[in-house]
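Colleague: Could you walk me through the labels you put on this model? I would like to hear how each one is justified.

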Amino acid sequence: MRAVVFDRFGPPEVLRIAELPDPEPGPGQVRIRVRAAGVQPFDVSLRRGGMTWAQVRFPQTIGQEYSGVVDRLGAGAGEAGLAVGDAVLGSTMLDGYAELVCVPVPNVVRKPDRLDFPTAAALVAASQTASGALNELAVRDGDVLLVHAAAGSVGTIATQLARLRNAAVIGTASPANHDYLRQLGAIPVAYGDGLVEAVRALGKPPTVALDAAGGEAIAQSIALGIAPDRVGTIVDDKAAAEHGARVVRAGRSPERLTEVVALAARGQVTMPVRAYPFTDVVAAHTAVESRHGRGKVVLIIGT
Ligand SMILES: NC(=O)c1ccc[n+]([C@@H]2O[C@H](COP(=O)([O-])OP(=O)(O)OC[C@H]3O[C@@H](n4cnc5c(N)ncnc54)[C@H](OP(=O)(O)O)[C@@H]3O)[C@@H](O)[C@H]2O)c1
């Protein structure tokens, strides 16, 4: 099979496509023929050598999220109700940009027919992160949620899930993404120096904040009068500790992913996809590394 690997830490150009042995599913695993793989800021950081805890062995494969079709069952996997040919999506560990991945059955979520493969792959990490964060912050009807980096992949899902909970949402983005945020149901504001004043000028004091941007986001949220225990970050653990705010990186949950996938299949949640062919992985990483854009960057791997 073909898979993306890198042989040293460095810029996007260290990524290359290699021919590797086909993986075989172990007990309780299924093998997936991958159709699309999401590209995360995590992957960029791994490639640059910033994920010091990750066990990297060169040539290292990469990628945390996939959609595709079950093509082989490991021992016992059929008892869980999965069959060859089922369309699925889910999380994997450092090997998603590949034609084949083997994953434990409990991590696999069924893909509804109405959801295309690129969108399914795009939902995996952002959905689990956004829904977990909203749960930890107990975002509810009557809240005014300030989402920092609302146009990004996590912000896109968090904004829509909060609106479905009847919370109002103020979202930060560059002006080019303000119409996009309005379409998601948020009130847009530009990030940067004037953010606190711009939010105050809306006359709608935020009650809770989700930081998917880092930098000044936590300090700005607290300056707006939000209680520190209702300011959550998925980016900046150090600033959270300094300000008494919370880290709300809830971890993976196929159950929460299943819920968002069902909403997406009904058209209640959308995720714009910026698709790149598998062979353009360098351009895909360059796009994510820019930290600008909307929705999600996805690699198209198979058809
Ligand atoms: N994806 C996950 O599941 C996950 C999980 C845990 C942690 N995280 C972390 O959460 C962060 C966001 O992840 P993501 O996947 O949503 O990233 P992403 O899709 O790459 O989001 C990028 C967004 O950030 C916005 N942005 C850039 N600079 C900003 C600033 N100074 N203030 C406010 N917004 C700014 C950009 O808006 P404009 O284009 O409008 O400039 C862009 O839409 C990353 O640091 C990531 O490591 C992500």
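Modeller: Happily! Of the 24 residues around the ligand, those that come nearest are Ser153, Ser174, Tyr191, His292 and Gly293. This is a predicted model, in which local features need pLDDT of at least 70 and side-chain atom pairs pLDDT 80 or more, while totals for chains, interfaces and linings use all residues. Residues are numbered from 1 along each chain, and side-chain values use heavy atoms, without hydrogens and water.

Colleague: What makes a residue near the ligand?

Modeller: One of its heavy atoms must lie within 4 Å of the molecule.

Colleague: Why is the pair between Ser153 and the ligand called a polar contact?

Modeller: A polar contact is a pair of N or O atoms within 3.5 Å. A polar side-chain atom of Ser153 lies 2.7 Å from a ligand oxygen atom, so the pair qualifies. Thr129 at 2.8 Å and Asn177 at 2.9 Å also place a polar side-chain atom by an oxygen atom of the ligand. The protein covers 83% of the 910 Å² of accessible area (Shrake-Rupley, 1.4 Å probe) that the ligand has on its own.

Colleague: Which helix supplies the largest share of the shell around the ligand?

Modeller: That is α2, with 3 residues. Both α2 (117–136) and α3 (153–164) supply at least two; helices are DSSP runs of H or I, at least four residues long.

Colleague: And what does the side chain of Glu99 reach?

Modeller: The backbone nitrogen of Arg2, at 2.7 Å. Glu99 sits in the loop between β6 (87–91) and β7 (100–104), strands being E runs of at least two residues.

Key: Polar contact = N/O pair within 3.5 Å; in protein donor to acceptor, adjacent residues only side chain to side chain.
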